[in-house]
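Visitor: Hey, I've got a structure open and I'm not sure how to read it. Can you walk me through it?

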Amino acid sequence: MTQDEVIIIKIGGSSITNKATEETLNQDAIDWFAKLISASVHKSFLFSDKEEQQEKEDDDGKKKPKFVVVHGAGSFGHHSAKRYGLQCGKAALLKSNGGGSLSPTTDADETCSSSSSVQKRKRFQMEALSKTRHSVQKLNAAMVGTLLDHGVNACNISPGVSLPGMRAYGSSTNNKSDQGSVAAMDLLCESINQALDAGLLPVIHGDACLLDDNHAGILGGDTLVEGLVSSEKMKDNVHKVIFISDIAGVFTSDPKINKDARLIRSLKVDVTTGEVTIDNNDDDNNVANEMDVSGSSHAHDVTGGLKAKLCSAVTAVQCGKEVVIAKCCSTSAEKYIQGDSSSAEEGTLISKKL
């Protein structure tokens with residue numbers, strides 16, 4: 001690993017919050033994550049006293065990486081977004097590419113439309129954006145604060161309306177006349193690179209964001225990861241993407257619903273078509289040949305759950321990155337983050353089909 005290579009860690013909101021109860025932290029999981037990052041990150045990102053401690057403890061000569069942390073919203077943001085009818089910006093974009101409207105229509109929209117008040121509808125959307133963004137920034141502050149408690153020079157970078165042109169669909173658009181959000185994603189990457197060069201560990205969050213001039217949407221953490229790995233400003237430096245989830249990887253079906261669901265240890269991506277298939281060399285010969293990658297089983301999830309995560313993973317693999325999905329607070333997740341993938345007993349590796 002060269003000095004400039006970076007690992008992006010996306011930790012899901014369902015792992016660091018109680019997603020069923022609004023604005024409730026899972027502080028144990030946040031502490032686990034912060035302690036792990038403190039022990040695993042390059043010494044230049046630590047408080048001076050922690051750096052000296054790490055130098056005494058490290059005797060294997062292995063170079064430690066730089067990290068970029070992206071976290072989901074969980075119960076901070078998803079409840080508000082659901083209440084106001086905000087949806088994932090990328091999902092709205094894909095729907096519009098199929099002939100639908102980019103801006104989703106909600107019951108509130110219908111109520112406002114019946115009063116012929118465009119401005120009233122816009123104010124409702126901006127209220128949704130403001131309250132949802134305020135909620136998720138509370139979680140972001142808790143993440144940064146806990147990392148600081150563990151001696152990491154963590155720094156919030158908030159994507160939403162902070163960057164001119166950023167839209168809730170990230171840089172997913174192929175519309176040549178609408179490249180503002182692509183340029184905004186490049187600006188986000190420049191901010192991240194500046195922080196990394198200074199010895200600051202960036203902590204970015206899924207956010208509420210403008211969908212167009214009159215509507216708001218959700219810029220999900222998985223959409224952000226997709227934008228980071230494909231940006232010309234960052235993709236050459238990113239070495240690996242690790243998704244930390246509330247389940248141990250990709251299963252043949254939702255393990256929270258189906259007790260017979262089997263963990264898939266290896267997936268292959270056709271970099272030309274983006275097709276994802278189960279690795280024929282999977283150690284478990286009894287694993288099913290098909291998998292269910294439908295949305296999240298969490299009632300308040302507005303970002304697409306596993307399906308969105310896999311779309312992001314496919315883009316990362318197409319950009320030449322290694323991808324792993326592992327469970328929060330697990331020994332396997334610790335091993336992946338510490339660079340010891342070979343001894344991890346769980347998790348799903350996603351790589352290029354040869």
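Guide: Sure, one term to start with: a residue is called buried if its relative accessible area is under 20%, exposed if over 50%, and partly exposed in between. Also keep in mind that this is a predicted model.

Visitor: Okay, try that term on Cys88. Is Cys88 buried or exposed?

Guide: Cys88 has 8% relative accessibility, so Cys88 counts as buried.

Visitor: How many disulfides are there in the whole structure?

Guide: Zero, according to a search of the whole structure. For Cys88, the nearest cysteine sulfur belongs to Cys311 and is 9.6 Å away. A disulfide needs the two sulfur atoms within 2.5 Å, so Cys88 is in no disulfide.

Visitor: And what about Cys319?

Guide: Cys319 is partly exposed, at 26% relative accessible area.

Visitor: Let's zoom out. What's the chain built from?

Guide: The secondary structure comes to 11 helices and 13 strands. The chain has 354 residues, and buried ones make up 50% of them.

Visitor: How much of the contact count comes from residues far apart in sequence?

Guide: Take the contacts with a separation of 6 or more: 74% of them are between residues 24 or more positions apart.

Visitor: And the surface?

Guide: The accessible surface comes to about 15800 Å², and 46% of that belongs to carbon and sulfur atoms.

Visitor: New topic: rings. How many aromatic pairs does the structure hold?

Guide: One. The partners are Tyr84 and Phe124, with 5.2 Å from centre to centre and 50° between the planes, which makes the pair tilted.

Visitor: Where do those two sit?

Guide: Tyr84 is in helix α4 (residues 78-84) and Phe124 is in helix α7 (residues 118-149), so the pair ties together parts that are 40 residues apart in sequence.

Visitor: Are they buried or partly exposed?

Guide: One of each. Tyr84 counts as buried at 12% relative accessibility, while Phe124 is partly exposed at 23%.

Visitor: Now charges. How many salt bridges are there?

Guide: The count comes to 14 salt bridges. The general idea is that side chains of opposite charge can pair when their charged atoms come close.

Visitor: Which one involves Lys138?

Guide: Lys138 bridges to Glu23, and their closest N and O atoms are 3.1 Å apart. Lys138 is in helix α7, while Glu23 is in the loop between α1 (13-16) and α2 (27-40), so the pair links parts of the chain 115 residues apart. Lys138 is partly exposed at 37%, and Glu23 is partly exposed at 31%.

Visitor: Anything else to know about Glu23's backbone?

Guide: Yes, Glu23 has a phi near 50°, a positive value in a residue other than glycine.

Visitor: What about Cys329's phi?

Guide: Cys329 also isn't a glycine, and its phi is positive, near 70°. Cys329 lies in the loop between β12 and α11 (331-337), and is partly exposed at 41%.

Visitor: Back to charges. What does Glu322 pair with?

Guide: Glu322 forms a salt bridge with Lys240, with the closest N and O atoms 3.9 Å apart. Glu322 is in strand β12 (residues 322-327) and Lys240 is in strand β7 (residues 238-245), 82 residues apart. Glu322 is partly exposed at 42%, but Lys240 is buried at 7%.

Visitor: Got another one?

Guide: Asp340 and Lys335 meet in a salt bridge at 3.8 Å, N to O. Asp340 is partly exposed at 29%, and Lys335 is partly exposed at 23%. Elsewhere, salt bridges that share partners join Lys10, Asp222 and Lys309 into one network.

Visitor: Last topic, strands. How does β10 run relative to β13, parallel or antiparallel?

Guide: Parallel: four bridges join β10 (residues 266-269) to β13 (residues 348-352). Val269 stands opposite Lys352 in β13.

Visitor: And what joins β10 to β11?

Guide: Three bridges, with β10 and β11 (residues 276-278) running antiparallel. Lys268 has Thr277 as its bridge partner in β11.

Visitor: What's between those two strands?

Guide: The hairpin of β10 and β11 has six residues between the strands, and Gly274 in this hairpin takes a positive phi near 80°.

Notes. Residues are numbered from 1 along each chain as its sequence is written. Side-chain values use heavy atoms; hydrogens and water are left out. Buried means under 20% relative accessible area, exposed over 50%, partly exposed in between (1.4 Å probe, protein chains only). Contact means heavy atoms within 4.5 Å. Accessible areas come from the Shrake-Rupley method with a 1.4 Å probe; for residues, only the protein chains shown count as cover. Rings of Phe, Tyr and Trp (its six-membered ring) pair if their centres lie within 6.5 Å; planes under 30 degrees apart count as stacked, over 60 as edge-to-face and the rest as tilted. A salt bridge is a side-chain nitrogen of Lys or Arg within 4 Å of a carboxyl oxygen of Asp or Glu. Two strands pair if DSSP finds at least two bridges between them.
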